[in-house]
Amino acid sequence: MALIKQIAKHFRDVHFGGNWTCVNLKDTLANVDWQQATTKVQDLNTIAALTFHINYYVGVITRVLQGGPLEGHDKLSFDVPPITSEADWQQLVNKALTEAEVLAALIEALDEKKLFEDFTDARYGNYYRNLMGVTEHTHYHLGQISLIRKMVGASNVV
């Protein structure tokens, strides 16, 4: 498998399943309701905030692969809009999963020669670093979501 296809698969797998850890965002968020997603446990982020945060950086990378500028700010990455209903929560989950698939397709379409070029600017590293980084970032926060889900009593088991 070509490297670019493997990177896209790795990114897709953390969102939809099939990765080495056997944990993915879609299944982990299944059966988490809006109240559980917004429950604050001690000083931890909520499941909703982490889901938004993961998706925020997916959006940043997506815009660059679509030819746009690199625009993202850590201070905005946890600004989850209010979740006051199941519909609000499902909208956030659907947005995260839909945009993950969009990014996976953009990665697959990327010319492999681009992987070791600067990601908009040398200070941000190359495309490879950023594409692997957004996948690693998702795995990291997915672990947090999995633990918080258990703490708030979400019933699904993945």
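In the predicted model, a polar atom of the asparagine 24 side chain lies 2.8 Å from the backbone nitrogen of aspartate 27. The asparagine 24 side chain also places a polar atom 3.2 Å from the backbone nitrogen of lysine 26. Asparagine 24 belongs to the loop between H1 and H2. Its relative accessible area is 4%, so asparagine 24 is buried, the limit being under 20%. Beyond its neighbours within four places in sequence, asparagine 24 touches Asp13, Val14, His15, Phe16, Gly17 and Asn19. Leu142 is also among its contacts.

Cysteine 22 sits in this loop as well, between helix H1 (3–16) and helix H2 (25–29). Its phi is positive, about 65°, although cysteine 22 is not a glycine. Cysteine 22 has a relative accessibility of 61% and therefore counts as exposed, for which the limit is over 50%. The loop thus holds an exposed cysteine 22 and a buried asparagine 24.

A second loop joins helix H5 (86–109) to H6 and contains aspartate 121. Threonine 120 is found there too. The phi of threonine 120 is near 70°, a positive value in a residue other than glycine. At 43% relative accessibility, threonine 120 is partly exposed. Aspartate 121 is likewise classed as partly exposed, at 31%. The side chain of aspartate 121 comes to 3.0 Å from the backbone nitrogen of arginine 123. Aspartate 121 and leucine 70 are separated by 51 residues in sequence. Their C-alpha atoms are 9.1 Å apart in space.

Helix H6 spans residues 127–151. At its start, a side-chain oxygen of asparagine 126 reaches to within 3.2 Å of the backbone nitrogen of tyrosine 128. With 25 residues at 1.5 Å a residue, H6 should span 36 Å. The C-alpha atoms at its ends are 36 Å apart, so the model agrees with the expected span. Glycine 153 follows H6 and has a positive phi, near 80°.

Helix H4 covers residues 47–65. Asparagine 55 is found in this helix. Asparagine 55 has a relative accessible area of 4% and is therefore buried. Its contacts outside the neighbours within four places in sequence are Lys95, Ala96 and Glu99.

The largest pocket holds about 230 Å³ of space. Tyr57, Val60 and Ile61 are among the residues that line the pocket. Leu70, Glu71 and Gly72 also contribute to the lining, as do Arg123, Tyr124, Arg129 and Asn130. H4 and H6 each supply at least two residues of this lining. The most comes from H4, with three residues. By class, the lining residues comprise five nonpolar, two polar and three charged.

Two of the lining residues, Leu70 and Arg123, also figure in the description of the loop between H5 and H6. Leucine 70 is the residue whose C-alpha lies 9.1 Å from that of aspartate 121. Arginine 123 offers its backbone nitrogen to the side chain of aspartate 121, at 3.0 Å.

Key
Residues are numbered from 1 along each chain as its sequence is written. Side-chain values use heavy atoms; hydrogens and water are left out. On a 1 Å grid over the protein atoms alone, a cavity is a set of points where a 1.4 Å probe fits but cannot get out, and a pocket is an open set with protein on both sides within 12 Å along at least five of seven lines; lining residues have an atom within 4 Å of a point. Grid points are joined across faces, edges and corners, and a volume is the space filled by probe spheres set on the points. Helices (H or I, at least four residues) and strands (E, at least two) are DSSP runs, numbered from the N terminus. Ala, Val, Leu, Ile, Met, Phe, Trp, Tyr, Cys and Pro count as nonpolar, Asp, Glu, Lys and Arg as charged, and the others, Gly among them, as polar. The expected span of a helix is 1.5 Å times one less than its number of residues. A polar contact is a pair of N or O atoms within 3.5 Å; within protein, one must be able to donate a hydrogen and the other to accept it, and residues adjacent in sequence count only if both atoms are side-chain atoms. Buried means under 20% relative accessible area, exposed over 50%, partly exposed in between (1.4 Å probe, protein chains only). Contact means heavy atoms within 4.5 Å.
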